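Me: Please take me through the reasoning behind the terms applied to this model.

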Amino acid sequence: MSVSTLSSADATERTRALLTAADPRRRRTDRTMQVLIWFAFALAMVPLAWLLWTVTVEGVGRISLDFLTQSMRNVFGGDPRGGIYHAIMGTLIITGLATLISVPVGIMTAIYLVEYGKGWLARSVTFFVDVMTGIPSIVAGLFAFSLFALFFGPSVRIGVMGAVALSVLMIPVVVRSCEEMLKLVPNELREASYALGVPKWLTIVKVVLRTSVAGLTTGVLLAVARVIGETAPLLVTVGVTDSINTNPFEGRMMTLPVFTYRQYHQGYAPCPGGESATCVADVAFQNAWGAALVLIVIVLALNLVGRLVNRWFAPKLR
């Protein structure tokens, strides 16, 4: 079989084999680099596997239907009752609001930088996006708190404040990731659309965005995964509560990262009623591990959705 009839991967492998067979030193170097690359990959996977294993082992024993469907209202000390339903709802609502704020702003900014941006304004936007990418999360929380305190007073703690704080962290990630995806769209597609008389804005909507929808979705989900585990800005803006609150415009809300921090901070809580009471002494730690496991599962689910969207909407190669 000739090289021309082989697939590109087979042809590359055969060419490398011929070169290494002719040069023993090159063959040894190739094998050494392969071993080093696999070793580096395995070394990088050790912390991730260790983290997943530890959280799963410590938290799976706390997962139950009651734990996922109850709140911590009227649960005190080492009482094993209660759950994280209020924290799950708070996390989904606040992160969803932050996504609604960040995605339109981020995608439109990326479109401007790729399709329209020229001169000092585009350079300034790029510079400030880079600066926002590196700001500490607590600064975003203080910004949102100061903004709302100007209108509602320093005692305000509502879910939309947390959404604004998270959106400050999300927007630069969305802009950067979507900008790179839009740059990957071949200019030939744009030129073909222009040649047919299609205006630029319609070309962007019908050609550019449709072609890059898989990459844009992946970028948005990466931004969501970036902020869904933030704790510091939500402590400042949203506060804590043990009750279920699904209204982000009124009252405090609980989120999974804040719940995990608070339960772990409590440490070993004494059993209510003394030593004769029937309860688990380290229930606070168990709650923290269980909430952390649920949070990791949510992040993994988001990444799975991103993979599916990428497969469904990616351009088909024939």
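The exchange below sets values against their definitions.

Reply: This is a predicted model, in which local features need pLDDT of at least 70 and side-chain atom pairs count only at pLDDT 80 or more, while totals for chains, interfaces and linings use all residues. Residues are numbered from 1 along each chain as its sequence is written, and side-chain values use heavy atoms, with hydrogens and water left out.

Me: Why is R190 called buried?

Reply: Buried means under 20% relative accessible area (1.4 Å probe, protein chains only); R190 has 7%, so the term applies. R190 lies in helix α8 (residues 187-195), helices being DSSP runs of H or I with at least four residues, numbered from the N terminus.

Me: What makes the pairing of the R190 and N187 side chains a polar contact?

Reply: The term requires a pair of N or O atoms within 3.5 Å, one able to donate a hydrogen and the other to accept it. The two side chains meet this at 3.0 Å.

Me: How do you know that the span of helix α10 agrees with expectation?

Reply: The expected span is 1.5 Å times one less than the number of residues. For the 15 residues of α10 (residues 213-227) this gives 21 Å, and the end C-alpha atoms are 22 Å apart, which agrees.

Me: What makes a set of residues a nonpolar core?

Reply: Its members are buried Ala, Val, Leu, Ile, Met, Phe, Trp, Tyr and Cys residues joined through side-chain atoms within 4.5 Å. The largest has 42 residues, of which I84, I94, L256 and F259 touch the most other members. Its largest share, 9 residues, comes from α4.

Definitions and conventions. Helix = DSSP H or I, 4+ residues; strand = E, 2+ residues; numbered from the N terminus. Buried < 20%, exposed > 50% of the residue type's maximum accessible area, 1.4 Å probe, protein only.
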